[in-house]
Amino acid sequence: MPSAGAWLCHSDPERRTVATPKVALAALLTGLLTAWLLYDGLGPNLLVLGAVIAVGAGITARAAGRRIRPWTAVWSLLALALLAVPAWRDASWPAALAAVGALALASLALHGGRRWAGVLFPLPGILWQLVPSAVWAWESMDRRPLPGRNRVVPVLKALAVAAVLLTVFGLLFASADAAMADLLGSLSPDLDLDQLPGRGLLFVLGAVTALGFAHMAAGPRRWDRTVIRPGRERRRLEWALPLVALNLMFGVFAAIQAVVVLGGADAVLGNTGMSRSEYARQGFWQLSVITVLTLVVVAVAKRWAPRTTAADHRMARILLGLLCLLALAVVASALGRMWFYVDASGLTRLRLWVLVVEVWLGAVFLLLIAAGLTRRTGWLPRVVVLSGMLTVAVYGLMGPDAIVAEQNVSRYERALRTDPHTAAIDLRNVRRLSADAVPALDRLPEPQRSCALQLIASGPGEESRSWYATNLAAVRAREILAERPLMGSTESGRNACDRAGLPYRDR
């Protein structure tokens, strides 16, 4: 059995250029910017850092003689779109997801790749580049003669000695004279020693990340050359019988769902003893698991499919294509059940996320069907990754917290119009939302409005942060609260949530 090293050697780069002083300076600048910008939070600072890292990687790629290809531009532009999410929206989870996706796409842009191995393996590429990139930069700088060493080194030593002397005597003068202390305090940067460990960690993270991407650009692994042997070919009966049985089960499920949709639900509900709402809500998570497992079954079956003759290939396409087509019925059923559940109980972050993922899984099945019909699969790996990253970008930019708040507020407004005596909104669903939800929650009547805005996770009323650590949603939320301040405590000491009937334990 070949070792891991022998397996990886097929993807080794042909050559790797050395790190130049410009790359080292770009990494140092990235580390300093990361320590300065990211400490206070996320916002447009990610775009700034992404641009600096791209410049360092571009310098290295140009030195290596590499050119920008169409798919490289696609991955790069989509990575920039993902980095724009924290500048647009305030929710932390979509911002973190977008940042991870941007790192993965940047790695894919530098590696390239067409086959499944060439597209999937580079995505976490930055993780195994961190240590080798630091070694690469150190060895490159160690071998490179420094021009003007005899002039630069004395200047650096003199600056270091001057900094030490100014610090020591400045502290003494400041403690001896109040006017001197005020002058030195206005000249020196405002530095909190408690921030040094955190900022130091961010500096190392930013510098090593920049070196990692430069290391990729200097000589990326060619994962497309990775040898992945196909699975052992199975006999027709051994391979086809389980798929035929699974297709029959999926077909029965699709038929039952068609009966329910076309109006024959009474008989089904009578046999199951369930109400319409219970039947619609029941089984969503199981159907989601079935959707994912079906993709696994398709991948495994494709690997072990009989492929000796043209008839073998035709049988594999028919059975796998039919399974993908029936899986779309499972996706549609899962989406319908979740949508009914949302209509009855309201929307939450988790429910919206699983709806988005289920829609993307349905798109993947459509892509698999298209690949089977065209009999050309070279485009499939990159398009599947592209669809997934586009889903992450759209999910972040559309503002999931804003959608959750909008849906719940709209349900409450409809209930007020139809039956105001029984209308109610579950304020527990908004207590962990971000400033993205403020425009929708601002439409609520008092005291529900003030209670909801007090409960959201990101305090929109907090003091304005620096431009690089804020976002448009937070700015808009502060403007709304400035125009319509929250209700204060009543004379009896009850706040807005008390008046809205929300128990303290649920806040």
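**Notebook: aromatic pairs and helix packing**

I looked up phenylalanine 121 and found a relative accessibility of 27%, so I entered the residue as partly exposed. The model I am reading is predicted.

**Entry 1: the pair of Phe121**

I then asked which ring pairs with phenylalanine 121; the partner is tryptophan 223. The geometry of this aromatic pair is edge-to-face, with 5.2 Å from centre to centre and 75 degrees between the planes. I noted that 75 degrees lies over the cut-off of 60 that edge-to-face requires. Tryptophan 223 has a relative accessible area of 6% and is therefore buried. I placed phenylalanine 121 in the loop between α7 (116–120) and α8 (130–143), and tryptophan 223 in the loop between α11 and α12 (236–261), so the pair ties together parts 102 residues apart in sequence.

I counted 7 aromatic pairs. Elsewhere, I found Trp36, Trp467 and Tyr468 linked into a cluster by ring pairs.

**Entry 2: the protein as a whole**

How many helices and strands does the protein have? I recorded 23 helices and 0 strands. The protein has 507 residues, and 39% of them count as buried. I also looked up the contacts between residues at least 6 apart in sequence: 80% of these join residues at least 24 apart.

**Entry 3: α3 against α11**

I next took helix α3 (residues 45–63) and helix α11 (residues 196–218), whose axes come within 8 Å and cross at roughly 30 degrees. The two helices are therefore roughly parallel to each other, an angle under 35 degrees being what that term requires. I noted the crossing of α3 and α11 as right-handed. On the α3 side I listed Ile53, Gly56, Ala57, Thr60 and Ala61 as making the contact. On the α11 side the contact is made by Thr209, Ala210, Phe213, Ala214, Ala217 and Ala218. Sorted by class, the contact of α3 with α11 holds 8 nonpolar and 3 polar residues, with no charged residues.

**Entry 4: α6 against α18**

I turned to helix α6 (residues 92–111) and helix α18 (residues 380–398). Their axes come within 9 Å, and the crossing angle is roughly 150 degrees. I therefore entered α6 as roughly antiparallel to α18, the cut-off for that term being over 145 degrees. The crossing of α6 with α18 is left-handed. From α6, I listed Trp93, Pro94, Leu97, Ala98, Gly101, Ala104, Leu105 and Leu108 in the contact. From α18, the residues in contact are Val385, Met389, Val392, Tyr395 and Gly396. By class I recorded 11 nonpolar, 2 polar and no charged residues for the contact of α6 with α18.

**Entry 5: Ala301**

Is alanine 301 buried or exposed? At 9% relative accessibility, I entered alanine 301 as buried. This residue belongs to helix α15 (residues 284–303). Leaving out residues up to four places away in sequence, I found that alanine 301 touches Trp239, Leu243 and Leu320. I also looked up its separation from glycine 231: alanine 301 and glycine 231 are 70 residues apart in sequence, and their C-alpha atoms are 9.4 Å apart.

**Entry 6: the bond before Pro447**

Last, I examined the peptide bond from glutamate 446 to proline 447 and found that the bond is cis, with omega near 5 degrees. I located proline 447 in the loop between α20 (438–441) and α21 (448–455).

Note on methods:
Residues numbered from 1 in each chain as written. Predicted model: local features only at pLDDT ≥ 70, side-chain atom pairs only at ≥ 80, totals over all residues. Heavy atoms only, no water. Axes fitted to C-alpha atoms, helices over the stretch in contact; angles between N-to-C directions. Helix = DSSP H or I, 4+ residues; strand = E, 2+ residues; numbered from the N terminus. Parallel < 35°, antiparallel > 145°, perpendicular 65-115°, else oblique. Left-handed = near helix turned anticlockwise from the far one by under 90°. Contact = heavy atoms within 4.5 Å. Nonpolar A, V, L, I, M, F, W, Y, C, P; charged D, E, K, R; others polar. Phe/Tyr/Trp six-rings, centres within 6.5 Å; stacked < 30°, edge-to-face > 60°. Buried < 20%, exposed > 50% of the residue type's maximum accessible area, 1.4 Å probe, protein only.
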